[in-house]
2 protein chains.
Amino acid sequence: MIVTVTLNPALDLTYAVDTLVPHGTHRVATVTERPGGKGLNVARVLQALGEPVLATGLLGGATGDRVGHLLADEGVRSSFVRIGGETRRTVAVVDRADATGFWEPGPTVTPGEWSLFVAEFRELLGPATVVTLSGSLPPGLPIDAYATLIALATAAGVPTVLDTSGPALLAGLRATPSMAKPNIDELGALLSRRPGPQGLADAVRGLATGPVVVSRGSAGLLAITADEVWECAPPVAVAGNPTGAGDACVAALARGLRDRTPWPALLPDAVALAAAAVAAPVAGAFDAEVYRRTRATAAPAVAALAMPEGGNRARTHR
Amino acid sequence: MIVTVTLNPALDLTYAVDTLVPHGTHRVATVTERPGGKGLNVARVLQALGEPVLATGLLGGATGDRVGHLLADEGVRSSFVRIGGETRRTVAVVDRADATGFWEPGPTVTPGEWSLFVAEFRELLGPATVVTLSGSLPPGLPIDAYATLIALATAAGVPTVLDTSGPALLAGLRATPSMAKPNIDELGALLSRRPGPQGLADAVRGLATGPVVVSRGSAGLLAITADEVWECAPPVAVAGNPTGAGDACVAALARGLRDRTPWPALLPDAVALAAAAVAAPVAGAFDAEVYRRTRATAAPAVAALAMPEGGNRARTHR
């Protein structure tokens with residue numbers, strides 16, 4: 001089974017209002033509650049694909065209970081470690097123009113709770129085929145928390161996919177996950193500049209020794225390895241809700257890692273699943289018809305021109 | 001004990017943000033959770049005054065659990081009927097300028113749940129000295145729900161204070177609560193015009209046969225009975241948060257009803273407790289020093305000039 005780790009999950013609330021008026025009072029027309037946090041989206045996408053998956057991470061308080069119940073309602077198996085703090089909420093106020101987001105800070109995790117989680121994680125590595133590690137770290141966790149988990153998984157022979165940002169991404173990359181999936185903005189924030197494809201590949205190789213898949217919205221995916229760069233974009237742009245597209249991409253990458261799918265087939269699948277997530281109205285879901293169609297029509301991933309210094313400047317599929 | 005009825009309680013969340021930007025994403029700096037709903041504020045004020053109080057009403061789901069725990073943390077005794085729906089939340093986003101409010105709709109209450117509550121309410125009338133009925137009715141309840149409870153309390157010899165608005169207020173007034181406490185805006189909405197004091201007294205007497213205390217913000221209170229109008233205003237305007245001031249007023253009126261406090265003493269007490277609630281940063285609390293000072297310096301309530309047609313046009317205290 002694929003184990004998805006979500007250390008800072010959330011209860012995602014969506015409030016439909018007519019028009020957001022700053023400093024006004026709004027009667028909310030409808031409220032939608034959903035399990036939130038990038039790792040839970042990965043688990044829900046895998047569950048919807050029929051893949052064996054188990055969601056783990058940290059949950060606390062009444063809000064944590066609610067997240068657990070909502071996951072169970074969707075049929076997602078989970079094994080979370082309980083913490084004393086209260087799981088955070090996010091509120092998205094959606095009016096006729098767009099969404100306005102409010103993100104609560106996560107609960108503070110104690111060293112004892114983190115130790116309990118690490119012990120649980122070691123247990124789950126037994127049956128795990130792949131581990132995904134997604135999202136921000138809640139307060140209290142060491143910045144190298146993901147590096148610790150990656151090292152344990154690697155020692156157990158379980159491949160890992162890391163999808164986080166900022167210092168947690170930098171620290172996690174040092175433990176050499178099997179794959180990392182930052183988006184272009186997250187990478188740009190680390191690089192403090194926005195390089196072109198060749199500069200990007202060089203910069204990524206300076207940060208990571210393993211493969212890095214960079215998601216670039218409608219421009220598609222760029223997979224940068226030590227000696228190759230593969231590129232794949234959706235055949236047509238899909239309109240919709242981009243939240244959760246990166247998580248669908250991680251779900252596809254995790255399944256591909258398990259199945260040792262080569263880049264030319266893996267990237268079109270990930271591109272198609274991400275596009276299908278954009279076409280679905282909520283994060284953690286995907287439009288099966290858009291997935292099927294995009295997967296059938298996406299060009300296979302092609303080796304891009306950006307090679308390491310001194311390498312070939314053009315390559316065909318392996 | 002004073003029994004406070006809250007049929008549509010809430011979990012009140014306050015999000016502190018720097019500046020609210022429509023269609024932006026906000027990291028919330030701090031989150032405050034409080035039991036919400038007007039009747040719970042009444043209970044919390046009475047509890048802080050040291051008066052015996054019991055909070056009842058309807059609670060459901062994980063959000064209802066949280067409200068129950070928060071009340072218990074404040075030492076407020078409660079006996080709520082559980083419902084299948086989820087208790088609503090309210091979110092107040094407070095930035096440097098002001099608050100922006102989002103109010104979830106309440107859960108839909110089934111006829112069976114309402115019957116269970118009525119049975120519980122009958123039980124509580126035994127030890128009750130006064131009953132307060134505050135706030136909106138959740139979906140599913142009959143519009144005369146408050147009238148039903150008022151009739152039961154009256155039959156049991158227990159006085160009632162009604163504080164609601166709109167059709168629920170109109171229907172409740174027909175059951176002749178011992179006292180009603182609309183604010184001037186709620187009354188204005190019913191009257192579809194904003195009359196002066198004489199017109200207000202005449203209009204109120206057309207709606208209610210029992211006494212009505214109209215709260216008018218910093219202009220203070222107006223008590224309109226069948227043949228008298230009493231008036232009392234705070235000696236100085238108090239700056240602060242007006243949310244919950246009406247609930248503090250209801251707490252004072254309920255205590256005064258229990259103690260048969262005459263209008264000239266009752267209104268200054270209610271004015272002072274409402275002013276002290278304005279001075280406190282959160283609803284359901286009051287500033288003890290402002291309460292003491294305002295109570296000591298508030299002019300006693302005086303009979304206003306607005307008498308029924310043909311009545312005396314000036315009166316002194318009884």
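Which residue of β3(B) does Trp103(A) stand opposite? In this predicted model, the residue facing Trp103(A) is Arg27(B). The pair belongs to a junction between the two chains in which β8(A) is joined to strand β3 of chain B, residues 25-27, by 3 bridges. The two strands run parallel.

This junction places a strand of chain B within a sheet built on chain A. The sheet is open and comprises 5 strands in the order β4(A)-β2(A)-β7(A)-β8(A)-β3(B). Its pairing is mixed. In general, the strands of a sheet pair through backbone hydrogen bonds, in either a parallel or an antiparallel sense. The edges are formed by β4 of chain A, residues 30-36, and by β3 of chain B, each of which pairs on one side only. On average, and with direction ignored, neighbouring strands of the sheet are turned by 15 degrees against each other.

Within chain A, strand β2 (residues 10-16) pairs with β7(A) over 7 bridges, in the parallel sense. In this pairing, Leu13(A) is found opposite Val91(A) of β7(A). Helix α2(A) packs on the sheet and touches β2, β4 and β7 of chain A. The direction of α2(A) makes about 85 degrees with that of β4(A).

The contact between the chains extends beyond the paired strands, as the contributing elements show. In total, 24 residues of chain A are in contact with 24 residues of chain B. On the side of chain A that touches chain B, at least two residues each are supplied by β3 (25-27), α2 (61-73), β7 (88-94) and β8 (99-103) of chain A. The largest share comes from β8(A), which provides 5 residues. By residue class, this side of chain A divides into 13 nonpolar, 6 polar and 5 charged residues.

The arrangement of the two chains was examined by superposition. Chain A is superposed on chain B by a rotation of 180 degrees, with 0.0 Å of shift along the axis and an RMSD of 0.0 Å. The two copies are therefore related as by a two-fold rotation axis. In chain A, the C-alpha nearest this axis belongs to Ala62(A), at 2.8 Å from it. Of the interface residues of chain A, 100% are also interface residues in chain B, so the copies meet through the same surface.

Conventions. Residues are numbered from 1 along each chain as its sequence is written. Chains are lettered from A and ligands numbered from 1 in the order in which they are written. This is a predicted model: local features need pLDDT of at least 70, side-chain atom pairs count only at pLDDT 80 or more; totals for chains, interfaces and linings use all residues. Two residues are in contact if their C-beta atoms, placed from the backbone, lie within 7 Å. Helices (H or I, at least four residues) and strands (E, at least two) are DSSP runs, numbered from the N terminus. Ala, Val, Leu, Ile, Met, Phe, Trp, Tyr, Cys and Pro count as nonpolar, Asp, Glu, Lys and Arg as charged, and the others, Gly among them, as polar. Two strands pair if DSSP finds at least two bridges between them. Copies are superposed by least squares on the C-alpha atoms of residues with pLDDT of at least 70 in both. Axes are lines fitted to C-alpha atoms, for helices over the stretch in contact, and angles run from 0 to 180 degrees between N-to-C directions.
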